[in-house]
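Got the viewer open and a selection box ready? Here's a short walk through the chain, stop by stop.

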Amino acid sequence: MPGTVACIDGNTFMVSDASGDVESSPATPVGLFAADTRFLSRWVLTVNGERLTALSVDDSQYYEVTFFVVPGGAVDYVEADVSAIRRRRIGADLTESLTIFNYGEQDVELDVRLEVAGDFADIFEIKFDIGDKAGSHYTEVRPHELCLGYRRDTYRREVVVSASEPVEVDPHGLRFAVRVRPGEQWSTRLQAVLRALRPDGVDLRSALRVQRPDDSTLPASVQAWVAAAPTLDTESVALQQVYNRSLVDLAALRFAPLSLGGATVPAAGLPWFMTLFGRDSLLTCLQTLPVTPSLTPPTLRILGSLQGARTDDVLEEDPGRILHELRYGESAAFEEQPHSPYYGTVDASPLFVVLLDEYERWSGDTALVTELEQEARAALAWIDQYADLTSTGYIWYERRNRATGLDNQCWKDSWDSISYADGRLPGFPRATCETQGYAYDAKLRGARLARTVWGDPDFADRLEREAAALYDRFNRDFWLEDRGYYALALDHDGTPVDSLSSNIGHLLWSGIVPPDRAARVVEHLMGPALFSGWGVRTFAEGQRRYNPLGYHNGTVWPFDNSFIAWGLRRYGFYGEAARIAEGILSAATYFQGRLPEAFGGFDRETTRYPVRYPTAGSPQAWSSGACMLLIRTMLGINPHEDHLVVAPALPSTFGRVALLDIPGRWGKADAFARYRTDQS
């Protein structure tokens with residue numbers, strides 16, 4: 001969000017203005033958040049009644065932000081005898097050290113005030129601007145600390161604010177009477193402890209404090225994370241910046257879902273998606289396997305443990321279905337949103353099998369494949385037994401939760417993302433093209449696992465026959481011969497939805513496109529209607545619903561483009577894959593190395609810089625992962641049965657590029673891991 005500063009540790013994060021203050025409005029995602037709840041909606045520091053103005057901000061470490069501030073406005077900078085540093089750190093809780101300096105010649109007496117409030121808004125209340133909470137707030141003024149809380153039946157959330165120095169506490173915050181001599185300083189350490197309380201009073205967040213007893217462990221955790229990743233060897237300063245930023249942002253987005261054993265998985269992204277998403281987490285793990293393979297086993301295990309086991313129309317749960325979204329806030333607790341968890345996605349189940357196979361290829365970890373055999377079999381069974389709503393052999397979707405379920409249950413899940421070229425919306429159920437590609441890929445990969453790990457050749461043969469039948473059926477029903485591309489979807493009656501979209505690029509990485517059709521698909525992907533110069537647009541220019549700032553109707557998504565480039569490489573379109581890699585990675589340099597969720601689809605020749613999408617999430621896990629997959633695509637590294645296959649390197653505008661010491665079944669031997677774009 002432009003103009004804001006974020007401090008992050010997993011799904012605990014604080015978003016403030018440049019001076020460090022939080023002054024929220026009901027629909028503004030600033031404040032201190034954890035477990036889908038805004039614990040603090042106001043955190044405003046004043047000195048002698050004046051707000052502070054930022055001189056500079058250091059947010060180079062995601063878990064720590066330092067604000068250099070002075071009282072008053074810009075006109076007072078030159079004469080400012082009093083200045084301050086706010087150093088904020090996020091861990092299981094919030095700590096903030098405040099130091100005030102007196103560089104004048106006289107003693108100063110200061111009235112230092114921290115205004116504090118907590119609205120305990122659910123993330124969905126903020127996102128959809130919903131007011132009138134059903135519960136009640138309470139405030140307790142205690143010696144040396146202020147407790148703010150919210151209660152609704154047995155649901156309780158609290159934040160306790162305290163300070164290390166003597167403090168006067170009232171219902172609206174903390175106050176310090178400070179005297180600072182010339183050339184001296186005064187300091188205090190502020191703390192906000194966040195509690196998600198069960199009916200018996202046990203704090204669900206206490207496990208996080210056991211894992212990380214204080215915030216001093218964060219730097220070592222980040223250092224270990226970075227040290228475990230391959231080293232990027234490049235002469236391009238810009239590419240190095242993007243890689244480093246992406247790696248650190250992935251560290252920032254790791255979190256341990258409450259009550260699920262403490263393993264860390266990638267949260268989808270700030271501010272709206274700081275939780276476990278099936279599709280997002282699986283695709284992020286696919287992107288990052290060569291760099292951060294440790295994300296994958298806990299992600300697969302947690303998604304497997306929460307796999308659907310019954311039929312529930314509110315949650316849209318089916319046996320074998322992998323969840324879409326898991327939430328912990330008030331609206332999920334009272335089933336006002338079906339996210340406890342919600343299963344309304346049709347691509348997470350096949351992607352679960354795809355990731356399990358790809359991980360084994362990288363790691364050789366057949367033990368995990370054995371451990372998750374039943375979950376993988378159930379996900380494959382879901383494709384045929386529950387997803388084929390019309391008995392035509394495809395994955396279809398139609399929401400069963402009519403009140404709060406998602407209309408579109410593919411990755412483009414906004415309400416108007418699936419439309420005909422003339423703007424009409426198709427009926428339900430719908431079958432999007434890329435989901436059929438995922439199903440095809442999952443069946444082939446499941447067959448490999450069945451034959452090589454599970455010892456079930458009959459199941460493997462069956463899956464391969466089903467994949468072959470799906471391949472033929474798909475290429476008959478989705479292909480638009482007169483246009484030379486695949487339909488975005490099938491309408492409820494089997495009519496092809498004829499719009500041109502980026503979804504067809506996903507068909508390349510899944511391998512469902514016949515080689516003799518690939519060139520025509522690529523021609524559209526790289527043509528002026530879809531390719532902006534920065535990347536492939538989600539929706540082609542010239543169609544009725546095209547909008548370069550439409551969420552799924554014309555913007556450029558880095559994650560989307562990383563998989564398209566991977567598919568182009570698979571079919572031998574090296575130059576086209578390189579153009580996408582160059583466009584996306586160059587765009588990142590305009591966002592300080594951090595790829596946002598999406599940016600505008602305006603033509604590169606028109607704007608000469610990528611246009612910021614107003615509400616794009618940042619950091620976003622699969623946008624950070626895009627950098628990793630694009631580098632892998634440029635280098636052409638692919639794991640097979642017992643060795644690495646290295647395809648000819650792509651032409652690169654970044655000069656020398658190499659990943660050194662790739663973790664995996666081959667160890668960290670340089671002989672296997674040193675590949676460059678300037679040599680095969």
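Start with the charges: select Lys and Arg, then Asp and Glu. The protein chain has 66 positive and 92 negative charges, and their mean positions are 2 Å apart. Keep in mind throughout that you're looking at a predicted model.

**The whole chain**

Switch to cartoon and zoom out. You should be able to pick out 19 helices and 30 strands in the protein chain. The radius of gyration is 26 Å, close to the 26 Å that the globule rule gives for 680 residues, so the chain is as compact as a globular protein of that length. Turn it along its principal axes and the C-alpha atoms fill a box of roughly 85 × 55 × 50 Å.

Now colour by accessibility. Of the 680 residues, 61% are buried. Put a surface on and you have about 24,300 Å² exposed, with carbon and sulfur atoms supplying 49% of that area. If you draw contacts between residues at least 6 apart in sequence, 64% of them join residues at least 24 apart.

**Stop one: the hairpin of strands 1 and 2**

Select residues 5-9, which are strand 1. Is this strand mostly covered or mostly open? It is mostly covered, with 4 of its 5 residues buried. Add residues 12-16 for strand 2, which runs antiparallel to strand 1 and is joined to it by 5 bridges. Show sticks for Ile 8 and you'll find Phe 13 of strand 2 standing opposite. There are 2 residues between the strands of this hairpin, and Gly 10 takes a positive phi near 65 degrees.

**Stop two: Phe 120**

Move on to the loop between strand 11 (108-117) and strand 12 (121-122), where Phe 120 is found. Most residues other than glycine have a negative phi. Check the backbone here, though: phi of Phe 120 is near 55 degrees, a positive value. Phe 120 is also buried, with a relative accessible area of 1%.

**Stop three: Ser 391**

Here's another positive phi to line up with that one: Ser 391 has phi near 60 degrees. Look for Ser 391 in the loop between helix 10 (373-385) and strand 22. Is Ser 391 buried or exposed? Ser 391 is exposed, at a relative accessible area of 66%.

**Stop four: a three-stranded sheet**

Follow the chain to strand 22 and bring up its sheet. This is an open sheet of 3 strands in the order 22-25-26, with antiparallel pairing. Which strands sit at the edges? Strand 22 (431-432) and strand 26 (496-497) do, each pairing on one side only. Next, select residues 489-490 to light up strand 25, which 2 bridges join to strand 26. Click Leu 490 and then its bridge partner in strand 26, Pro 496.

**Stop five: two cis peptide bonds**

Most peptide bonds are trans. For one that isn't, select Leu 270 and Pro 271: the bond from Leu 270 to Pro 271 is cis, with omega near -5 degrees. Pro 271 is found in the loop between strand 21 (265-266) and helix 5 (278-288).

Then jump to Ser 618 and Pro 619, which are also joined by a cis peptide bond, with omega about 0 degrees. Pro 619 lies in the loop between helix 17 (604-607) and helix 18 (621-635). That's the end of the tour.

Definitions and conventions:
Residues numbered from 1 in each chain as written. Predicted model: local features only at pLDDT ≥ 70, side-chain atom pairs only at ≥ 80, totals over all residues. Heavy atoms only, no water. Rg over C-alpha atoms; globule rule 2.2 N^0.38 Å. Buried < 20%, exposed > 50% of the residue type's maximum accessible area, 1.4 Å probe, protein only. Contact = heavy atoms within 4.5 Å. Areas by Shrake-Rupley, 256 points an atom, 1.4 Å probe, with all protein chains shown as cover. Lys, Arg positive; Asp, Glu negative; His and termini not counted. Charge placed at Lys NZ, Arg CZ, Asp CG, Glu CD. Pairing = 2+ DSSP bridges.
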